[in-house]
Amino acid sequence: MGLCAKMGSVFSESLFLPTLVLAILAFVVPRLLGRVLPEGVKPLLLNAFISTVLMFLISAGFFFCLYLCQGLTVAQIMEPGWAANIVFFGRLGMIAAMIWAPIMLLSVAGLPRKWVKETW
């Protein structure tokens with residue numbers, strides 16, 4: 001049994017690990033962007049927007065990888081077509097927002113505490 005098969009069974013049989021991974025990423029992504037973006041309210045809003053888009057794409061890609069780890073091939077997944085897959089995995093990414101969005105918002109809201117030059 002390959003590593004992907006083992007990881008697929010661990011991730012697909014339990015909701016805990018995928019939830020934990022998405023929650024950790026939701027906390028880390030805005031923090032990493034906060035290191036690159038300048039301080040201020042407008043950059044903070046930009047951080048929230050970029051973090052939302054990135055987390056949505058990461059979530060959709062995460063579910064795509066879960067399907068691959070469960071034994072499907074890319075050809076089997078892509079059989080319905082690009083548009084159908086974008087809608088399907090996009091919907092899964094949006095549903096996953098119930099997990100990562102609150103954590104991401106709290107992470108973004110905590111960024112002004114570390115500002116040195118700007119005040120909230």
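The following paragraphs go through a predicted model of one chain, from its overall make-up to a few single residues.

The chain has 6 helices and 0 strands. Read from the N terminus, the order of elements is α-α-α-α-α-α. Of the 120 residues in the chain, 32% are buried. Among contacts with a separation of 6 or more, 73% join residues 24 or more positions apart. The chain exposes about 7,900 Å², and 75% of this area comes from carbon and sulfur atoms.

Helix 5 is a useful element to look at in detail. Helix 5 spans residues 82-95, which is 14 residues. From its first C-alpha to its last, helix 5 reaches 20 Å, close to the 20 Å expected at 1.5 Å a residue. Its buried residues are Asn-85, Phe-89, Gly-90, Leu-92 and Gly-93. These residues cover an arc of only 160° around the axis, and therefore lie on the same side of helix 5. The background is general: an α-helix has 3.6 residues a turn, so residues three or four places apart point the same way. On the other side of helix 5, Ala-83 and Met-94 are exposed.

What do the buried residues of helix 5 pack against? Their partners are helix 3 (41-69), helix 4 (74-78) and helix 6 (97-109).

Helix 6 also holds Ser-107. Is Ser-107 buried or exposed? Its relative accessible area is 1%, and because buried means under 20%, Ser-107 counts as buried. Leaving aside residues up to four places away in sequence, Ser-107 touches Ala-26, Phe-27, Pro-30 and Arg-31. Helix 2 covers residues 16-36, and the residues that Ser-107 touches, including Phe-27, have numbers in that range.

Phe-27 comes up again at the surface. Together with Phe-16, Leu-20, Ile-24, Val-28 and Leu-32, Phe-27 makes a nonpolar surface patch of about 550 Å². One of the patch residues, Leu-20, is found in helix 2. Leu-20 has 35% relative accessibility and counts as partly exposed, because that class lies between the limits of 20% for buried and 50% for exposed. Ser-107 in helix 6, by contrast, is buried at 1%.

Phe-27 thus links two parts of this account: Phe-27 is one of the residues that Ser-107 touches, and Phe-27 is also one of the residues that make the nonpolar patch.

Key
Residues are numbered from 1 along each chain as its sequence is written. This is a predicted model: local features need pLDDT of at least 70, side-chain atom pairs count only at pLDDT 80 or more; totals for chains, interfaces and linings use all residues. Side-chain values use heavy atoms; hydrogens and water are left out. Helices (H or I, at least four residues) and strands (E, at least two) are DSSP runs, numbered from the N terminus. The expected span of a helix is 1.5 Å times one less than its number of residues. Buried means under 20% relative accessible area, exposed over 50%, partly exposed in between (1.4 Å probe, protein chains only). The arc is that of the directions from the helix axis to the C-beta atoms. Contact means heavy atoms within 4.5 Å. Accessible areas come from the Shrake-Rupley method with a 1.4 Å probe; for residues, only the protein chains shown count as cover. Patches are made of residues with over 30% relative accessible area and no salt bridge: like charges are joined within 9 Å, nonpolar side chains (Val, Leu, Ile, Met, Phe, Trp, Tyr) within 5 Å. A salt bridge is a side-chain nitrogen of Lys or Arg within 4 Å of a carboxyl oxygen of Asp or Glu.
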